[in-house]
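Today I am opening my notebook on a new model, and you are welcome to read along. My entries follow the order in which I looked things up.

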Amino acid sequence: MTNAEILDQITLYAQLLELHGENPFKIRSYHYAVQHLEKQDIELSKLTALELEKLPNVGKAIAGKIDEARTNGQFHQLTEILAKTPAGIVDMLDIAGLGIKKVQFLWQAGIEDTAMLLQACEENKIAEMKGFGDKTQENIRQSLLFRIKQEGRYHLPEATFCAEQLEKYLHATLPALPLMLVGELRQGYETIASLQFIADLAYRPQVQELLNNAPFLLPEMPQNSLFAWAGKVKELGIAVEVRFVGQARWGSEAFALSASPKHLGATFKQKTLLQMAVSQDFATEEAFYQSLGWGYVPAEMREGTFELELASKNTLPTLLTAKDLKGVLHAHSTYSDGKHSLQQMAEACIAEGFGYLGITDHSKTAMYAGGLSEGRVLQQIAEIDKLNAQYPNFRIFKGIESDILPDGSLDYAEDILKKFDFVIASIHAGFKMTAEKATERLIKAIENPYTTILGHPTGRLLLRREGYPVHMEKVIEACAQNKVAIEINANAWRLDLDWRWVRLALEKGVMLSVNPDSHSKDSLWDMRWGILTGRKGGLTASRTLNTFSTESLTEYFNQKR
DNA sequence: GCCGTTTTCGGCCCGACTGTTTTCAGTCG
């Protein structure tokens with residue numbers, strides 16, 4: 001059992017205790033324990049019961065629950081309290097804008113699930129309840145509608161994990177099986193509803209047999225069509241489809257299943273691309289594009305927009321790949337809310353073959369994340385100097401993720417700001433803004449001479465909350481004017497800048513930076529999700545800040561300052 | 001429930017923001 005799974009159980013238990021009116025101090029100690037354990041670089045499932053008890057903020061009671069959870073899957077106190085709580089109430093705890101107190105109140109009022117809650121909102125009943133009001137009701141309604149819209153969608157890492165699991169599983173028995181990921185995951189969308197593959201038709205009986213017996217899959221009934229296997233991944237529920245295709249038509253089908261409707265519907269000599277592809281047998285997608293006299297369009301780019309013209313003129317760019325990246329910008333350490341020390345982060349980057357790390361802990365306003373006071377900034381800078389002296393072929397850049405304050409200013413005075421090599425400016429609080437206000441706030445931060453990179457421009461959390469509304473054209477224009485790069489925050493919950501804006505940023509001459517926003521050394525390669533996002537928008541290595549060599553990046557930072 | 005001790009009970013208690021209120025409760029990062 002992973003740390004996250006164990007800690008999720010403890011957090012849920014604490015929420016339920018609060019819902020049932022337990023002592024607040026007791027509840028707080030569960031939250032404290034989780035908060036501290038999240039930052040510990042240890043594997044909970046590997047510690048002995050005695051070692052667990054010795055951890056800070058963990059005593060006999062919590063150690064016992066962790067121990068039971070990892071052996072039995074769930075500790076019995078959680079099982080019991082869940083049995084006393086309607087499932088719909090537990091579900092409500094996840095809705096943005098609803099905390100324990102409000103859920104408690106709704107429960108007492110007889111509203112026991114989200115369907116009832118939505119209906120009550122539509123009937124204007126929530127606004128009339130004590131402690132609620134028009135705005136709260138509307139916020140709840142919006143959260144519920146957002147959830148409904150996102151239902152059945154998954155973040156890239158979990159979808160990718162399932163896809164890789166399936167590939168490994170089939171190849172374990174059939175190493176030579178031609179199998180290819182197609183569909184939305186291959187196209188690199190920010191969230192995923194289903195996994196699609198094509199497999200060689202000649203292997204159909206064996207593959208169907210294997211899939212029907214896969215311990216992690218649930219076949220759809222009735223099953224076993226002649227051309228496809230359908231089902232879902234048991235635990236996650238994500239849909240899976242494997243289509244059987246002969247080698248002769250492999251390219252035709254791969255193409256038909258790995259492009260957006262607009263790309264498929266684009267016309268070529270009075271026919272759509274889809275018609276062109278399926279009316280003939282193409283063994284490879286390359287052969288299909290060649291038959292049009294076009295360059296090969298990578299699956300991520302097949303959106304039916306700018307790529308069509310570039311393909312027809314054979315001027316498609318060579319897209320960014322993982323091996324182009326020379327370093328990591330935007331990472332946190334134990335100075336703020338990261339899990340690993342500055343030195344551990346640096347050494348993890350060295351181990352991955354990177355040439356530099358731009359460390360960017362939170363700034364002082366981000367109290368909840370242990371943001372750095374001026375004193376701590378100076379301390380960190382001193383440590384960076386010391387470490388840099390130790391590493392001959394590696395460089396730590398002094399950075400900060402500075403909060404953009406409500407008025408658009410940055411978080412430190414000039415004497416501190418000028419000590420950094422670079423500054424990522426991000427909004428972390430005060431999301432309730434009109435698009436005008438948000439745009440103005442961002443532009444003021446972009447115009448600050450110390451801002452090097454604009455961090456996660458909309459603040460969205462995929463499948464969880466919409467970002468603040470932004471007039472993105474204006475923000476991109478301001479970045480172009482002020483030579484500020486824009487981050488593609490590669491955390492799979494963000495992927496912000498959205499790929500739909502990458503092209504405009506490139507056209508305006510804005511540099512992009514694929515940033516992992518790492519809070520531990522294990523998440524440096526979250527950058528892979530950002531690479532996908534960039535590729536969808538046509539991002540190339542030369543326009544990506546962290547493909548620069550250490551020397552070029554130093555020069556870039558110096559010029560900016 | 002955890003911690004720390006003047007060692008077995010008493011103290012623990014973020015802070016900005018929002019939307020309710022009419023001085024504050026609830027939420028959230």
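I began with strand β15 (residues 485-489), which runs parallel to β16 and is joined to β16 by four bridges. I count strands as paired if DSSP finds at least two bridges between them; helices (H or I, at least four residues) and strands (E, at least two) are DSSP runs, numbered from the N terminus. Across this pair, I488 stands opposite V514.

This is a predicted model, where I need pLDDT of at least 70 for local features and 80 or more for side-chain atom pairs, while totals for chains, interfaces and linings use all residues. Residues are numbered from 1 along each chain as its sequence is written, and side-chain values use heavy atoms, without hydrogens and water.

Next I followed the connection: β15, helix α23 (residues 502-507) and β16 form a right-handed β-α-β unit. Right-handed means that, with the strands pointing away from the viewer, the path from the first strand over the helix to the second runs clockwise.

Then I checked side chains in β16 (residues 512-515): L512 and V514 point one way, S513 and N515 the other, and all are buried. I call a residue buried under 20% relative accessible area, exposed over 50% and partly exposed in between (1.4 Å probe, protein chains only). In a regular strand, side chains alternate between the two faces of the sheet.

I moved on to an open sheet of five strands, ordered β2-β4-β7-β6-β5 with mixed pairing. Its edge strands are β2 (179-182) and β5 (217-219), each pairing on one side only. β5 and β6 (residues 228-233) run antiparallel, joined by three bridges, and L217 stands opposite V233 in β6.

Technical notes: Chains are lettered from A and ligands numbered from 1 in the order in which they are written.
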